Amino acid sequence: MTIELLLLSIFIVAILSYVTTKVNKTAGAILTIVGSLIPLLLFLVVDLKSTTTIEFFQFSLNPLGLFFAIIMSIVYSMVAFFNPYWMKKLLHPASYNFLYLTSFASTLGLFFSSSFIQVFFFFEFVVWTSLFIIPLGKSRVASIVYYTISAMGTFSLLFAILLLYREYNTFDIQTTLTNISYNSNLGLVVYCLFGVAALAKLGAFPLHIWLPMAHGSAPDTFSPVLSGGLVKMGAFVAILMVFGMNSTFMFRDSFHVIHTKILDGIPYQNYILLALGAISIVVGTLMAIAQDDAKKLLAYSSVANGGYIILGIGVADNIGLSGALFHIFAHATATALAFLAIAVVSYRAKTTKISELGGMIHNMPITYMMYLIAIISMAGIPPMAGFISKWLIFQTLIHNGLIFMAAAAFFGSIGSFLYVFRPLAALFLGQKLPKYDHVKEAPLMMLLPMFVLSGLTVFYGIFPSFAWNYIDPILKSYHLTEMAPTLFQLHGYNGNLNAPLIAGIFVIGVLIAFIMFISLPKSRKVSLMDTYTAGEFIYTPDLLHYAKDFYAPLERLYANHPSILKFYEQLVNKIKEFGQFVKYLFFSKKVEMTVFWIVIFITLILWGGNIW
Amino acid sequence: MVIVQGILIALAVVLGAFIWQTALSGVNRKIVARLQKRRGPRWYQEFLDIFKAMSKTSVSHGWIFDFGVIMAVGGIVGTAMLMPITNSIVAFRGYDNFFIYVYLLAIGMLGMAMSASGSGNPLASIGVMRALTQMLAYEVPFMLVVFTIIFNTQASGLSLNGHVLSGSVLQDITLFQQAGHWNALALPLGLIVGYISLLGMLGKKPFETFIAPAEIASGPMVEYGGKQLGMLMFMHEITVFIEVSLFINLFLGGAQNLFEYLLKYFIVYTSTNLVTNVYARFKIDQVVKFFYRWPFALAIIQAALVIYLGWVI
């Protein structure tokens, strides 16, 4: 099986799915499951070949591409299980299924490309396919913003690719990136352009505004793909620019930020990247705390987690890169799981607004447990996968003495407790609202992918060393020291981690607590309304449900924050004004402008050749 | 065999910690009472309270109410099991990484918060909201100081690592201090931040907003009674043990023998109780403002002094 054939077959399934959906919606949606599940099995079981038969395409089976492709296949295939249930809700189910699979095929194509022009081609293809899926949800404006920001990314990528082509006369990724590291002047330009592409796709500050809009208003089944899958393409580009171009070598002569006796310092170019990552964490965290829509909240948390990935990559060492790669995996599974849990709520209760929901745990306990596992991982608490990656990233931040980045990272990780708890407390817990009495648990087909994702999150949290089967080849391909962790030991710069031990101790702790609990006298069950109300008599559950403005005292402190959105709006107004001025000059039907141009024209003619 | 031995030591640590800390709470109640010219309860009053609560039948607000309590006690007991007491009383040598405490402690907190919100009482949710907000305030400056400590020590474990990456020195945070100066002396600004954060962690005034007994009816604990309350009181004592022990290990050079450890523990814990009695309560937004104005700035200055200038005593 070659990669080419694989992509082609997914594409054929996509067309098949389009036709089938026209006849039978559910059958078409099931084809999307098949189309995304088979590649995953192929990646895990079969050795793919990279030989190509079609003239234009060039693929290579590199370890980095394989790592990303597996994560992408996991996310796409698991989310696909939700598709059959959304067929009735979507305006154009056939196009949705078609675009779902084509966007999947193009991401895979992107990761395995060995030529830059092809990277650009697939990059654009992903943008275009997802562009048409987003307006199938709530809002059309979201997809315009999404396209604008993505266009900034793709066009700067194209510009960088063409610059590289002009210099080295080839599109080959390996050759151009190896050569560019010896040319630090052109390298800096290409680095910046790649940086724009990476930040735009990853949704990092200051190009993060599309994330909450697109994630918040895309169809519930596509939000997990956007957040868990597509934004990770930005991380792919970031790895190419920091490690592929060997930025530490390329910028070895440039100014190093805080170069002291103890520290080597970081080249200022990488430091700026790190700073943007740190700002993303802070902005994402603060904004996520203030959201009322659960999907927007998770979208802002993706901004913050993108910041962690940038921090891991930008430090440019093996532990940092391992941390970033592990975080890509941990966040992809956790965020997809959380988004799917919210999708279940949306499917059953028809809303994702936290302030409108309450007590969902009594209707859907299994979905609640899935969401709980997802947020424990997102908050970086052991024994989930998110802890391992945060631990690695902290290790490298401390080793390099990056005070401000560490402050942002700590802020983000504690802040994540706040925002992930918000849907937990107000949406799933709290009073059981009578208007949702009819709501039932998710159907089995929806629970199945959630079980798989939560299983992955827990498994890699307890046995992280298995992930290095995929991470170590990547480290090797960039000539970094391999980590080679054993089952019980993961080495950092200043300590080691024994993830199974921690998990084991936690289990012992819970066991002790459980024995304590059952051996003590049994308690009498009372209703949720039977609570202490300080002497007041309240009979409506809605009045006893604390869901609106959950973190009001904290939000007040930064309510008047400067917003990048306002800056963009001003920019839009300025461009509009300029456009109107141009229109007034050249395209207006006003008499005075016509006379003006005639006068100018005649003056120029009368002036004759003397003007030059 | 090593692992079984480790678990047995760990369980002994948890049991010992419970007895010591609960007794000390009782003693502290007496000390505070004497300050206020009262006689105060007997020193074993806290034990009576806990065991009495545990023996009573109680009410439950659904399975998450109980599950959260189990998760809370489980998480905290698990965290306490990893805590090194002295140089020789260490259950799992080399695996007591600082970050494990921060995050494993969080799972206990999460369990308790979940259980409290699951009770359906808005007062409990308000308490949880305040507790989380306060956590955001004190934890970041504290972690920055520990960041400085780890950078300075080149180790993030409290006890000696079995294996360290090539190139770095074989050491740990407590032995490093015992060989040189305590971090309390080496990083004076860090000590100030650490102590203020400790007050925040323990929920001592001026940072006891989330309990606020007069205002939101004892905060997250409002709905509890019987065994749930008893277990959460047990959890509270263990949490105090973890936080104070962490402070001793990070700033006061750990301990070489049990007596030294208990003495340091007594001094630190009693001092927080003395401080708490002369302060009034901050509002929650004042807590956040305070922590990000002073301790955060001090933590950054301390980190910059150590990392950029290399100024360590």
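**Cavity lining and helix 8**

Reader: How many residues in the lining of the largest cavity are nonpolar, polar and charged?
Author: This is a predicted model, where local features need pLDDT of at least 70 and side-chain atom pairs pLDDT 80 or more, while totals for chains, interfaces and linings use all residues. Residues are numbered from 1 along each chain as written, chains are lettered from A and ligands numbered from 1 in written order, and side-chain values use heavy atoms, without hydrogens and water. With Ala, Val, Leu, Ile, Met, Phe, Trp, Tyr, Cys and Pro as nonpolar, Asp, Glu, Lys and Arg as charged and the others, Gly among them, as polar, the lining divides into 13 nonpolar, no polar and no charged.

Reader: Which helix supplies the largest share of the lining of the largest cavity?
Author: Helices are DSSP runs (H or I, at least four residues), numbered from the N terminus. Helix 17 (365-378) and helix 19 (403-428) of chain A, and helix 4 (98-118) and helix 5 (122-153) of chain B, each supply at least two lining residues. The largest share, four residues, comes from helix 4 of chain B.

Reader: Where on helix 8 of chain A do the buried residues lie?
Author: The buried residues (under 20% relative accessible area, 1.4 Å probe, protein chains only) of helix 8 (residues 173-180) are I173(A), T176(A), L177(A) and I180(A). Because they cover an arc (of directions from the helix axis to the C-beta atoms) of only 95°, they lie on the same side of helix 8 of chain A.

Terms used: Buried < 20%, exposed > 50% of the residue type's maximum accessible area, 1.4 Å probe, protein only.
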